[in-house]
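Dear colleague,

I am passing on to you the structure we spoke about, with the sequence alongside. Please have a look at it first, and then read the notes below.

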Amino acid sequence: MGGSSGERRSKGHLKYIKKHWLLLCMLIPGLVILIINNYIPMFGVVMAFKNFKISGNGFIDSLIKSPWAGFKNFEFFIKTPDAFTITRNTVLYNLVFIILDLVLAVPLAMVMSQIRQKKFAKFTQTVLFLPYFMSWVVVSYLVYSLLSVDTGFINNLILKPLGIASINWYSVQKYWPFIIPAAHVWKDLGYGTVIYLAAITGINGEYYEAAALDGAGKFRQAIYITVPELIPLMITLTLLAIGKIFNADFGLFFQVPQNSGILYPVTNVIDVYVYNALRVTGNPGMASAVGLYQATVGFILVVTTNWIIRRRSPENALF
């Protein structure tokens with residue numbers, strides 16, 4: 001029976017390939033790019049366990065001939081006195097970003113879906129989405145134009161007319177736990193809003209028509225129709241964000257605070273620490289070790305969170 005069922009499955013696969021061979025051929029370029037960009041570089045994970053030294057025979061030869069270092073590259077990060085601070089900052093900031101992205105993007109997408117004038121709707125979408133295309137270098141200069149002690153907008157046009165002394169924002173730590181999330185929201189809110197807006201436009205309009213006939217207003221329609229329809233997407237995006245909870249946006253945390261050392265207790269994260277340490281030590285093995293650590297923890301968090309969701313709501317699980 002096992003052999004016959006296996007033969008039936010093989011024939012079914014061959015039949016499927018013959019029927020959809022043209023579509024499968026269209027997958028080949030993307031599959032090749034995926035293998036080259038995502039899987040072949042995994043060979044470099046070996047660097048995390050080696051005392052990597054560049055030789056004149058190329059990267060591959062250098063990687064093979066470099067002596068093994070065991071877990072010393074991991075110890076460099078774990079035993080550093082700043083390990084708790086940078087891990088805490090990385091995790092807490094990412095948790096704040098995840099919450100803000102949900103709390104702000106979903107309601108904003110609902111409001112934008114109610115705009116009936118097409119020109120105004122396109123204008124608002126463009127205004128919201130435009131900051132997403134700016135690099136963090138540009139954003140850092142915009143933030144500096146607001147916070148500069150001598151020429152900053154806040155100090156010169158807001159605080160001074162009110163008789164309040166200028167604030168040296170880049171030397172005071174207590175403001176940056178609010179400035180960093182504000183910069184993140186300003187730049188990335190439009191992207192999340194557009195994703196949820198696209199999902200809202202895909203909801204069957206008959207649901208809203210039936211609810212309106214039953215006397216449900218816009219608010220009740222949003223609570224009982226829009227939000228439940230968006231929950232699978234919200235869970236998916238949250239799971240993906242949780243997978244990157246140990247990865248920080250390097251541009252945000254390096255460029256916006258201007259890499260100010262006095263702000264490190266509240267702005268230093270894993271990625272910035274690794275970059276600064278790499279500049280000093282020149283040890284790419286340590287950077288590779290931290291990258292592997294971040295990827296492993298992220299994978300465990302995604303699998304664990306998905307397992308919890310699958311036990312409570314199987315239809316909303318990612319896999």
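Helix α14 covers residues 270-281, and because a helix is expected to span 1.5 Å a residue, its twelve residues should span 16 Å, which agrees with the 16 Å between its end C-alpha atoms. Please keep in mind here, and in what follows, that this is a predicted model. Within α14, the buried residues are I270, D271, V272, Y273, V274, N276 and A277, and what covers them includes α4 (72-78), α5 (83-113), α12 (250-255), α13 (264-267) and α15 (284-312). Just after α14 comes G282, which takes a positive phi of about 65°.

On the surface, a nonpolar patch is formed by I28, L31, V32, L34, I35, I36, Y39, I40, M42 and V45, which together have about 890 Å² of accessible area. One of these residues, I35, lies in helix α2, residues 21-39, and I35 counts as partly exposed because its relative accessibility of 39% falls between the cut-offs of 20% and 50%.

As for charged pairs, the structure holds one salt bridge, in which the side chains of E75 and K79 meet at 3.9 Å, N to O. Side chains of opposite charge can pair when their charged atoms come close. Of the two partners, E75 counts as partly exposed, at 36% relative accessibility, whereas K79, with a relative accessible area of 65%, is exposed because this value is over 50%.

With best regards

Terms used. Residues numbered from 1 in each chain as written. Predicted model: local features only at pLDDT ≥ 70, side-chain atom pairs only at ≥ 80, totals over all residues. Heavy atoms only, no water. Helix = DSSP H or I, 4+ residues; strand = E, 2+ residues; numbered from the N terminus. Expected span 1.5 Å × (residues − 1). Buried < 20%, exposed > 50% of the residue type's maximum accessible area, 1.4 Å probe, protein only. Contact = heavy atoms within 4.5 Å. Patch = residues over 30% accessible without salt bridge, like charges linked within 9 Å, V, L, I, M, F, W, Y side chains within 5 Å. Areas by Shrake-Rupley, 256 points an atom, 1.4 Å probe, with all protein chains shown as cover. Salt bridge = Lys/Arg side-chain N within 4 Å of Asp/Glu carboxyl O.
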